[in-house]
Amino acid sequence: MFIRPAQPADYPAILALQAQNVPEHLSAERRRQGFIVSKMDEAQLAHINTELGILVADAEGQLAGFVCLTQAHMQPRPEVVDAMLAALDAQHFDNRPIQQQRYFLYGPVCLDQRWRGKGVLKKLFAAVKNHTRASFDLGILFIDDANPHSLAAHQQGLGMTVVTTFTCRGKRYSLLAFATR
């Protein structure tokens, strides 16, 4: 298993993994194991990948997982991202206003069911930090409060910090941050 930048040839596998992990395609039991709220298409993946990028976990030519990394100014973006960025205005991380730090957006991140619990998320996260530390101080992300498995994986498993909560279209989300160094 190794982590590498995504290539256009990876987009179909990324989209297939995404489609398998959106809430409407999961049973209630599988939703408790985590889900993603994003619905990207190939053009969006290409746009993200030309900016900060997409990292993939490659398991002998098979996609074990992926994580998208974008700059906050990137457009178009989902309404929930706008709500998250609005919630950032008065927030601090490491005793400094987040708005005075260089930050990027982490996510979505998704792992193939067969690779969960095998350290893939930690490998992706280490690669994210290595990929961003020269240009950014922080990564920020949101997790749907209906997704406690993902929140635990990022908070307890990776040591990310919940900074605040916010709502968008009646749903509540946790806003998390992590230092790139």
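**Sheet architecture and pocket linings in the predicted model**

Beyond its neighbours within four places in sequence, T70 makes contacts with I48, L52, F104 and L105. This residue belongs to strand β3 of a model that is predicted. With a relative accessible area of 9%, T70 is classed as buried, because the cut-off for that class is under 20%. The strand around T70 shows a similar picture: 8 of the 10 residues of β3 are buried, and the strand is mostly covered.

The sheet to which β3 contributes is open and consists of 7 strands, arranged in the order β1-β2-β3-β6-β7-β9-β8 with mixed pairing. Its edges are formed by β1 (2–5) and β8 (161–168), each of which pairs on one side only. From one strand to the next, the twist averages 30°. In general, strands of a sheet pair through backbone hydrogen bonds, in either a parallel or an antiparallel sense.

Several of the pairings can be described in detail. Strands β2 and β3 are antiparallel and share 7 bridges; within this pairing, I54 has C68 of β3 as its bridge partner. The two strands form a hairpin with 2 residues between them, and E60 in this hairpin adopts a positive phi near 50°. Strand β3 is also joined to β6 by 6 bridges, again with the strands running antiparallel. In this pairing V67 is placed opposite V109 of β6. At the β8 edge, 7 bridges connect β8 to β9 (residues 171–179), and these strands run antiparallel. One of the bridge partners there is L175 in β9, which is matched with T164.

Two helices were found to pack on the sheet. Helix α4 touches β6, β7, β8 and β9, and its direction makes an angle of about 125° with that of β8. Helix α5 touches β1, β2, β3, β6 and β9, with an angle of about 155° between its direction and that of β6.

The largest pocket encloses about 1,100 Å³ of space. It is lined by 49 residues, of which I36, S38, G107, P108 and V109 are the closest to its centre. At least two lining residues are supplied by each of α3 (42–50), β3 (62–71), α4 (79–88), β6 (103–111), α5 (120–132), β7 (138–144) and α6 (148–157). Strand β6 provides the largest share of this lining, namely 7 residues. By class, the lining comprises 27 nonpolar, 16 polar and 6 charged residues.

G107, one of the residues closest to the centre of the largest pocket, is located in β6. Its relative accessible area is 24%, and G107 is therefore partly exposed, as this value falls between the 20% and 50% limits. Outside the four nearest places in sequence, G107 is in contact with V67 and C68. G107 also lies 9.4 Å from I143, C-alpha to C-alpha, although the two are 36 residues apart in sequence. The contacts of G107 involve V67 and C68, and these two residues also appear in the bridges described above: V67 opposite V109, and C68 as the partner of I54.

Helix α3, among the elements that supply the lining of the largest pocket, contains H47. H47 has a relative accessibility of 32% and so counts as partly exposed. When residues up to four places away in sequence are not counted, H47 touches M74 and Q75. The C-alpha atoms of H47 and M74 are 9.2 Å apart in space, with a separation of 27 residues in sequence.

The second largest pocket has a volume of about 210 Å³. Of its 14 lining residues, A13, G61, Q62, L63 and D112 are the closest to the centre. The elements giving two or more residues to this lining are α1 (11–20), β2 (53–59) and β3. Helix α1 gives the most, with 4 residues. The lining of the second largest pocket divides into 6 nonpolar, 3 polar and 5 charged residues. Strand β3 thus figures in the linings of the largest pocket and of the second largest pocket.

Note on methods. Residues are numbered from 1 along each chain as its sequence is written. This is a predicted model: local features need pLDDT of at least 70, side-chain atom pairs count only at pLDDT 80 or more; totals for chains, interfaces and linings use all residues. Side-chain values use heavy atoms; hydrogens and water are left out. On a 1 Å grid over the protein atoms alone, a cavity is a set of points where a 1.4 Å probe fits but cannot get out, and a pocket is an open set with protein on both sides within 12 Å along at least five of seven lines; lining residues have an atom within 4 Å of a point. Grid points are joined across faces, edges and corners, and a volume is the space filled by probe spheres set on the points. Ala, Val, Leu, Ile, Met, Phe, Trp, Tyr, Cys and Pro count as nonpolar, Asp, Glu, Lys and Arg as charged, and the others, Gly among them, as polar. Two strands pair if DSSP finds at least two bridges between them. Axes are lines fitted to C-alpha atoms, for helices over the stretch in contact, and angles run from 0 to 180 degrees between N-to-C directions. Contact means heavy atoms within 4.5 Å. Buried means under 20% relative accessible area, exposed over 50%, partly exposed in between (1.4 Å probe, protein chains only).
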